[in-house]
Amino acid sequence: PRLLTRHARLRIHRKVCAGSSSSGSSSAGKGAAVTALAHVPVPGDNFLAYANLSGTIALLDPATKLVRQEINVAPDVAFSLHADEAHVLLCGLASKYVVARDVPSLDANATFGKLGPHTGWVRALATIENDANRLVSCGCNFVKAWRGRGANNASDDVRLFTGDVLALAPVGRNGDVIASGGADGSVRTFRVDSKGPPLEIAAVERAHAGRVPALVGALNGEVVVSGGYDGALQVRGTDRLELIAIAEGAHEQKQVLCLALKSNDEVWSGGADGVVRRWKLPSLAPCGRVAALGPAEDDDDVIAVRALLIHHGTTNSLGDDFRYVAAGYANGCVKVVDMDDEC
């Protein structure tokens, strides 16, 4: 495919290691892989939340790159994070529940009950982007659509016959469709209405030859982009999941671990090769690497990119047009890079 030569203009800042001081010295938490990232808006302020395998959940100031608040929930682990509304961070836990924490205190939210139990680790969270505003979660091979956020709220469930669910992403033109990626390599779509269980629209068994940990919707909901342990990126139509484009060996034959939407027609991927790469949609024509984010190395070992987030909106405390991309790595580090309008 044709290689596009225009690159992002990026201004890199000091990387931050989970659990490390501002000087970069190591402490508890460094070395534990980052499991999730989320941008959390707060009136007059904004935060980058991250979690890691040591049980840390922390809030980072994306401007100063300093940790503003941190808690440890070990032996529990947050495998997924999601900003539900202003100053509320949802955490999908290894203990099989979804819990909410207030931002910036990270105290347990008094009005939000624990949602669960799930049948396994809560690997992913998503919100339906229509009037229903339903929270969707997954544990093992169940997808749950919650009827509310309170302690006594029930869920409407759909059980898959094969494979644990690893990833969820809102897709579809009307904001009422969720895509899932499975441990069995499957990609599926479900319609989530204001009530009732998710209804399967389409499914492709073994779409990837391995686990599918990364999904994102693009092109105004027309396509689903997936990344898999087989090293491939795929673009499929949302309605029927027909294959539109594929990039095999997208990360030097290594696993594709995370995706983030840069714009409606450009997606960024992070992989086990320690590199963040850019792709044009729907063709998956490569647009080059994001040099400021890799390749990540530690003592000559490549460090996998485990989580990726692109914040497109305005961060009030930082000016009228502050946007950034964050990457979380397998060694516990988080990098935050500013992006200007031409990125």
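This is a short walk through one protein chain, from model confidence to sheets, cores and an aromatic pair.

Start with confidence. The model is predicted. Average pLDDT for the protein chain is 86, and 85% of the residues score at least 70. Two stretches call for caution. Residues 1-15 have pLDDT below 50, yet this stretch has 42 contacts in the model beyond near neighbours in sequence. Residues 18-29 also stay under 50, and there the model has 17 contacts beyond four places in sequence.

Now the open sheet. It has 4 strands, in the order β3-β4-β5-β6, and the pairing is antiparallel. Which strands sit at the edges? β3 and β6, the latter covering residues 67-72, and each pairs on one side only. On average, neighbouring strands in this sheet are turned by 20 degrees against each other, with direction ignored. Look at one pairing in detail. β5 and β6 run antiparallel over 5 bridges. Within β6, Q69 is the residue opposite L59.

Next, the nonpolar cores. A general point to begin with: in soluble globular proteins, nonpolar side chains tend to be buried together. Here the largest core has 19 residues, and I57, A78, L81, L89, C91 and V103 touch the most other members. Several strands feed this core. β3 (34-42), β4 (45-52), β5 (56-60), β7 (78-85) and β8 (88-93) supply at least two residues each. Which strand gives the most? β3, with 4 residues.

Take A78 from that list. Beyond four places in sequence, A78 is in contact with T35, A51, I57, C91, G92 and L93. A second core lies apart from the largest one. This other core has 17 residues, including L219, V235, A250 and L259.

On to aromatics. How many aromatic pairs does the rule give? The count is 1. The partners are F79 and W121, and they are stacked. Their ring centres are 4.6 Å apart, with 15 degrees between the planes. The cut-off for stacking is under 30 degrees, so 15 degrees qualifies.

What does this pair tie together? F79 is in strand β7, while W121 is in the loop between β9 (98-102) and β10 (122-127), so the contact links parts 42 residues apart in sequence. Are the two residues buried or exposed? F79 is buried, at 12% relative accessible area. W121 counts as partly exposed, at 42% relative accessibility.

Now a hairpin further along. Strand β14, residues 165-171, is mostly covered, with 6 of its 7 residues buried. Its partner is β15, residues 177-182, and the two pair in the antiparallel sense over 6 bridges. One of the matches is L168, whose bridge partner in β15 is S180. The hairpin has 5 residues between the strands. Among these strands and their connection, the backbone point to check is G172, which takes a positive phi near 95 degrees.

Last stop, C287. This cysteine lies in strand β25, residues 285-289. C287 has a relative accessible area of 3%, so it counts as buried. Where is E266 relative to C287? The two are 21 residues apart along the chain, and their C-alpha atoms are separated by 8.9 Å.

To recap. Confidence averages 86 for the chain, with residues 1-15 below 50. The largest core holds 19 residues, and another of 17 lies apart from it. F79 and W121 form the stacked pair.

Note on methods
Residues numbered from 1 in each chain as written. Predicted model: local features only at pLDDT ≥ 70, side-chain atom pairs only at ≥ 80, totals over all residues. Heavy atoms only, no water. pLDDT = per-residue confidence, 0-100. Contact = heavy atoms within 4.5 Å. Buried < 20%, exposed > 50% of the residue type's maximum accessible area, 1.4 Å probe, protein only. Pairing = 2+ DSSP bridges. Core = buried A, V, L, I, M, F, W, Y, C linked by side-chain atoms within 4.5 Å. Axes fitted to C-alpha atoms, helices over the stretch in contact; angles between N-to-C directions. Phe/Tyr/Trp six-rings, centres within 6.5 Å; stacked < 30°, edge-to-face > 60°.
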